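Thanks for coming, everyone. Let me put the model up on the screen, and then I will walk through a few places in it.

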Amino acid sequence: MKWKGRRQSGNLEDQRGMGTKGKVAAGGGVIAVVVILLQLFGGETGQQIAPIIEQVANSQTTQQVEQRDLTSEELEMGDFMATVLADTEDVWNQIFRDYNLGDYKEPKMVLFTDAVSTACGSATSASGPFYCPGDQKLYMDLAFFDELKTRFGAKGGDFAIAYVTAHEVGHHIQTLLGTSNKVRQLQSQTNQVGANKLSVAQELQADFYAGVWAHHNKKYLQAGDIEEAISAANAVGDDAIQKRSRGSVNSDSFTHGTSQQRMEWFMKGYNTGDIRNGDTFSALLD
């Protein structure tokens, strides 16, 4: 992705280098694995994952904050994230104007290391990237992207990171358009299997919105970028994660969609660039 020397967003809050030290209470690691497997790309559902990430946070002893200088590589990554966030702002401001959706309220992005406090509760890096509707912020511990390659087998690359960012911004779009509130209401009126299906539809729509963003950002794409996004989407499908973690698949427990679904909806957004084609709910629930 061509990103150097371009506009950077002013909505980035960089909290990296502000870590903790001390012993972690027993049990946190187990909960962390659960969060990674069940809440990867946690998105819209910052409020849903809050009890889990609060449990992770509460399982740890109070730590003393320590601060360090960022490395040159970390500083460059911060510049990259600020550029990607700026690109999402440019694209979605224009789309909201084109479709008469009102003003686009730009989200903030928080980069953190190890742990962070949010309006949805305290979170550790184990929660992965997520969006909190309570404060309309995206939270990213960039160490996750190493995990995406080493643990989940994705190709990696800068556009894989851009895809994940655009997916979380997709959850912000759902918050602004009222989709997230409707999903929560419907989930409260059904059983767990039905609630999971609604969650899958919401996550796939966020993938679709990520594809729409990529469509409108084509002038900055390079060869192999879309393949990186597809590889990331494939790696974090519910079926791929369940096969890797336990050797079997239970479709009723899916919350984010299969690898095939995630790739297909991202590509549908990328190929059409039209948000009117993103009704994942009718496609999956009828």
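Where does Gln-8 lie relative to strand S1? Gln-8 sits in the segment before S1, which runs over 12-14, and please keep in mind throughout that this is a predicted model. With a relative accessibility of 39%, Gln-8 counts as partly exposed, because that class covers what falls between under 20% for buried and over 50% for exposed. Once neighbours within four places in sequence are set aside, Gln-8 is in contact with Asp-79, Ala-82, Thr-83 and Ala-86; for the last of these, the C-alpha to C-alpha separation is 5.4 Å, although Gln-8 and Ala-86 are 78 residues apart in sequence.

That brings us to helix H3, which covers 72-98. Its 27 residues, at 1.5 Å a residue, should span 39 Å, and the end C-alpha atoms are 39 Å apart, so the expected and modelled spans agree. Just after H3, Asn-100 takes a positive phi of about 55 degrees.

Now to the interior. The largest nonpolar core has 51 residues, and within this core Trp-92, Phe-159 and Trp-213 touch the most other members. Elements giving two or more residues to this core include H3, strand S4 (108-111), helix H7 (192-216) and helix H5 (158-177), and of the contributors H5 gives the most, with nine residues. Not counting residues up to four places away in sequence, Trp-92 touches Tyr-104, Val-169, Ile-173, Tyr-209, Val-212, Trp-213 and Ile-275. Apart from the largest core lies another, of eight residues, including Phe-112, Cys-120, Ala-123 and Tyr-139.

Terms used. Residues numbered from 1 in each chain as written. Predicted model: local features only at pLDDT ≥ 70, side-chain atom pairs only at ≥ 80, totals over all residues. Heavy atoms only, no water. Core = buried A, V, L, I, M, F, W, Y, C linked by side-chain atoms within 4.5 Å. Buried < 20%, exposed > 50% of the residue type's maximum accessible area, 1.4 Å probe, protein only. Helix = DSSP H or I, 4+ residues; strand = E, 2+ residues; numbered from the N terminus. Contact = heavy atoms within 4.5 Å. Expected span 1.5 Å × (residues − 1).
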